[in-house]
Amino acid sequence: MARAVCGVYEIHPERVEKARTALPEEAVLGEAALLLKALADPTRMRLLLALKAAGELCVCDLALLAGVSVSAVSHQLRLLRQARLVAFRREGKQVYYRLADHHVERLLEGALEHALENT
């Protein structure tokens, strides 16, 4: 198997500068990394995809769909809320979750599309 190693040490200043100016600020990079880290778990992906399909679900529904305990779902939802991937509303004692916005839908669709290309 060939290794992807640079055989000649040469800097391409124009390309480096173009890439440098395209990089966002550190705070934005951190937020994006947090978001992708939150997506990097099959249970959380399952929860997000269930919300994408149903629109809105309570914790008990999500636990049933994910095949894990209510407390495990609550823990995962807390991480998803911190990454601003889900939003919620209360109705009495019941809490309903939904995807935070259309960007989350697009992220999920892109991730699945890319994964399907590799299978």
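Visitor: Which residue just after H5 takes a positive phi?
Guide: Welcome! This is a predicted model. Most residues other than glycine have a negative phi. The residue to look for sits in the loop between H5 and E2, and its phi is positive, about 60 degrees, although it is not a glycine. Just after H5, the residue with that phi is Arg84.

Visitor: Is Arg84 buried or exposed?
Guide: Exposed means over 50% relative accessible area. Arg84 has a relative accessible area of 58%, so the word for Arg84 is exposed.

Visitor: How far apart are the end C-alpha atoms of helix H5?
Guide: Let's work out what to expect before looking. Helix H5 covers residues 70-82, which makes 13 residues. At 1.5 Å a residue they should span 18 Å, and the model agrees, because the end C-alpha atoms are apart by 18 Å.

Visitor: Where do the buried residues of H5 fall, seen down its axis?
Guide: Start with the names: the buried residues of H5 are Val73, Gln76, Leu77 and Leu80. Seen down the axis of H5, they fall within an arc of 105 degrees, so they line one face of the helix.

Visitor: Which elements do the buried residues of H5 pack against?
Guide: Both helices and strands take part here. On the strand side, the partners are E2 (86-91) and E3 (94-99). On the helix side, the buried residues of H5 pack against H2, H3 (42-54) and H4 (59-66).

Visitor: Is Lys37 buried or exposed?
Guide: You can find Lys37 in helix H2, which runs over residues 26-39. Its relative accessibility is 62%. Since the cut-off for exposed is over 50%, Lys37 counts as exposed.

Visitor: What separates the C-alpha atoms of Lys37 and Glu91?
Guide: Along the chain, Lys37 and Glu91 are 54 residues apart. In space, their C-alpha atoms are separated by 30 Å.

Visitor: How many salt bridges does a search of the whole structure find, and which residue forms one with Lys52?
Guide: The search of the whole structure finds five salt bridges. One of them links distant parts of the chain, with one partner in helix H6 (residues 102-117) and Lys52 in helix H3, 57 residues apart. The closest N and O atoms of this pair are 3.4 Å apart. The partner of Lys52 is Glu109.

Visitor: What does the salt bridge of Glu56 with Arg89 tie together?
Guide: The closest N and O atoms of Glu56 and Arg89 are 2.8 Å apart. Glu56 lies in the loop between H3 and strand E1 (57-58), while Arg89 is in strand E2. The pair therefore ties together parts that are 33 residues apart in sequence.

Visitor: Which residues are linked with Arg89 in a network of salt bridges?
Guide: We have just met the pair of Glu56 and Arg89. Arg89 also forms a salt bridge with Glu91, the closest N and O atoms being 2.8 Å apart. The residues linked with Arg89 in the network are Glu56 and Glu91.

Visitor: Which residues make a nonpolar surface patch of about 370 Å²?
Guide: One member, Val16, is in helix H1 (residues 13-22). Val16 is partly exposed, with a relative accessible area of 37%. The patch is made by Val16 together with Tyr9 and Ile11.

Terms used. Residues are numbered from 1 along each chain as its sequence is written. This is a predicted model: local features need pLDDT of at least 70, side-chain atom pairs count only at pLDDT 80 or more; totals for chains, interfaces and linings use all residues. Side-chain values use heavy atoms; hydrogens and water are left out. Helices (H or I, at least four residues) and strands (E, at least two) are DSSP runs, numbered from the N terminus. Buried means under 20% relative accessible area, exposed over 50%, partly exposed in between (1.4 Å probe, protein chains only). The expected span of a helix is 1.5 Å times one less than its number of residues. The arc is that of the directions from the helix axis to the C-beta atoms. Contact means heavy atoms within 4.5 Å. Patches are made of residues with over 30% relative accessible area and no salt bridge: like charges are joined within 9 Å, nonpolar side chains (Val, Leu, Ile, Met, Phe, Trp, Tyr) within 5 Å. Accessible areas come from the Shrake-Rupley method with a 1.4 Å probe; for residues, only the protein chains shown count as cover. A salt bridge is a side-chain nitrogen of Lys or Arg within 4 Å of a carboxyl oxygen of Asp or Glu.
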